[in-house]
Amino acid sequence: MFEFINTLLIGITSGSIYSLMAIAIVLVWRSTRVVNFAAGGVALASTFVGATILESTGSFWIALPIGMLAGAALSSFIEYFFLRPLLKRSGEKTQEIFLPIIATLGILGVIKAVLHFIYGDKIGVISPPLSDKGFIVSGESIALSPLRLMILGVVLALMITLTLIFQRTNLGLSLRAASFAPEISRLSGIRVDAIRTLGWAISGAAGATAGILQTTNGAGSVTPEAFEFSLLLVFGFVAAVIGGIESLVGAVIGGVTLGIILAIILMYVGGSLVFFAAFIILILVLLLRPNGIIGVKGGRRA
Amino acid sequence: MLRIKNLVVDHGAIRALHGVSISIEKGQLAAVIGANGAGKTTLLRTLSGLNKATDGSAAWGEINILHSKPESLVRYGISHVSEGKSVIPELTVSENLELGALWRRNRKESEKSKKDVVDLFPRLGERLSQRADSLSGGERQMLAIGRSMMAKPQLLLLDEPSLGLAPLVVEQIFQSIRDLTTALGLTVVLVEQNAMGALKIADIGIVLNLGSIAATGSAAALRDDPAVRAAYLGF
């Protein structure tokens, strides 16, 4: 029982990070209908920026927001200079539908190459700002540490902020309207192009947070070729799809669900099966609930 | 006033409008009628900036409205209610309305406009917090018109507001359009399949056929024109 609760705690923490990555993917999908593989590259680059800032200032709480800003800037840069001109030219033909997907894959490769060029074999270090030693409950150390608590707190704070922005502000109304019905939004006077760039920016900031938290929760350092980030991207995608790809709430539910299941598999079955298991879960969800666990057929949710 | 001269619009290789010229005075309600594929919707979409014109000109007062984006034209008082109950189903009634006034960046004015719309369509007032997809067809059309009124337009472009509505509801919507035009001094371009209903409330009528103007004149004269009656009014 004790072991199981620990497994749950580990799963919820890593799942909350997958949720952020899933949110990064969902935001771009909703605003521009692009499957954004570049999100993994944005997360990686922002983590390097965060590591650099951390090295010079020594403060995690300066490194995190600057990393988020870097993610937002890079992500909106990609949208503005690559995807926007590309999408203006693309249409409904099969090869044209694949165009943006291949483009984001290409951008992911370019980001990794540039990072390699800048950092070479140097690693980016995001050492945990708080102790990762578990709290002691009735003489035993549990899987909840000050670090994990902080990660959960950051993710929760971000989600509450995003929810408030989306549900309570005019900006949020524009973001939702532009993603549901771009033409009606334009006719209502919304500058949809600018709103889309903003959607990419928020996505970049969410991805950056995921990258930095993932690093500090895991190895504590990152390389331009980090396998951890490929996993983060894949798990983010799986979480987004489980959650119905359209929904921010779904992304969170998908991420946490995936985190818990993977932690259980890691604990009771074996680490080599985790990657494989993520795809089994994805396939099962697509077979049983093609619209995701909270997706509604023909309907979209905020 | 709205001045359209020799407007030519192409959809790829197909020419949708072959040099259409129309003048509509300020405060007039103009009905554009014609069969499917006559170019009615294309005309409206070009005026609101959704479609590109190949040739010709269109001016609303001093403003050249071709080659502008729809989101900019809204700021010049041109509002387009596109075909098929153009509301956003995922948003609430209230959010749909607020959306129309967001660009004005004035919450007070927006609240006031919302009150005006609710006075005009009281049924929307009872459903402000419901999602728009819970509305009936007629209510959705009211919401679509209401949303465009939130922008305080001077030129209103309406695409088939009667589409798919019960006859009684159509009558009600048409009456609201007529009342709005008169009360606010709007200029309205009303595209309609329901030629009789549109010509009843309109000041002038324009008949489009295969992308060209087939007839034009006062709405009353068109209603009595034997050729128009036979071709478009069905008696």
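# A guided tour of chains A and B

Begin by selecting helix 1 of chain B, residues 40-47, which lies across strand 1, strand 2 and strand 4 of chain B and runs at about 70 degrees to strand 2 of that chain. Keep in mind throughout that what is on the screen is a predicted model.

Next, show the strands that this helix lies across. They belong to an open sheet of four strands in chain B, ordered 2-1-4-5, in which the pairing is antiparallel. Strand 2 (14-24) and strand 5 (63-64) of chain B are the edge strands, each of them pairing on one side only. Within this sheet, select strand 1 (residues 2-11) and strand 4 (residues 55-60) of chain B, which are joined in the antiparallel sense over five bridges; to find one place where they meet, label B:Ile4, which stands opposite B:Ala58 of strand 4.

Now move to strand 3 of chain B, residues 29-33, where five of the five residues are buried, so that the strand is largely enclosed by the rest of the structure. Which residues are buried on each of its two faces? On one side they are B:Leu29, B:Ala31 and B:Ile33, and on the other B:Ala30 and B:Val32, so both faces of strand 3 of chain B are covered. Add strand 8 (residues 187-192) of chain B, which pairs with strand 3 of chain B in the parallel sense over five bridges, with B:Val188 as the bridge partner of B:Leu29. Then add strand 9 (residues 204-209) of chain B, also parallel to strand 3 of chain B but paired over four bridges, and look for B:Val207, the bridge partner of B:Ile33.

Stay with B:Ala30 and display its surroundings: beyond its neighbours within four places in sequence, its contacts include B:Ile24, B:Val188, B:Leu190, B:Ala202 and B:Ile206. B:Ala30 is also, together with A:Met21 and B:Leu190, among the residues with the most contacts inside the largest nonpolar core, which has 161 residues. To see what gives the most to this core, select helix 1 (residues 2-32) of chain A, which provides 15 residues. In soluble globular proteins, nonpolar side chains tend to be buried together.

With both chains visible, turn to the contact between them, which takes 20 residues from chain B and 17 residues from chain A. On the side of chain B that touches chain A, helix 2 (70-73) and helix 3 (93-101) of chain B are the elements that give two or more residues, and helix 3 of chain B has the largest share, with four residues. The residues on this side of chain B divide into nine nonpolar, five polar and six charged.

Some individual backbone positions come next. Most residues other than glycine have a negative phi. Select A:Arg33, in the loop between helix 1 and helix 2 (38-57) of chain A, where phi is positive, near 60 degrees. Is A:Arg33 buried or exposed? It counts as exposed, because it has 12 C-beta neighbours inside 10 Å. Then select B:Glu160, in the loop between strand 7 (155-159) and helix 7 (167-184) of chain B; this residue, not a glycine, has a positive phi of about 50 degrees, and it counts as buried because it has 22 C-beta neighbours inside 10 Å.

Finish at helix 10 of chain A, residues 248-268, whose 21 residues should span 30 Å at 1.5 Å a residue, and whose end C-alpha atoms are 30 Å apart, which agrees. Following this helix is A:Gly270, with a positive phi near 150 degrees.

Key
Residues numbered from 1 in each chain as written. Chains lettered and ligands numbered in written order. Predicted model: local features only at pLDDT ≥ 70, side-chain atom pairs only at ≥ 80, totals over all residues. Contact = placed C-beta atoms within 7 Å. Nonpolar A, V, L, I, M, F, W, Y, C, P; charged D, E, K, R; others polar. Core = buried A, V, L, I, M, F, W, Y, C linked by C-beta atoms within 7 Å. Buried ≥ 20, exposed ≤ 12 C-beta atoms within 10 Å, placed from the backbone. Pairing = 2+ DSSP bridges. Expected span 1.5 Å × (residues − 1). Axes fitted to C-alpha atoms, helices over the stretch in contact; angles between N-to-C directions.
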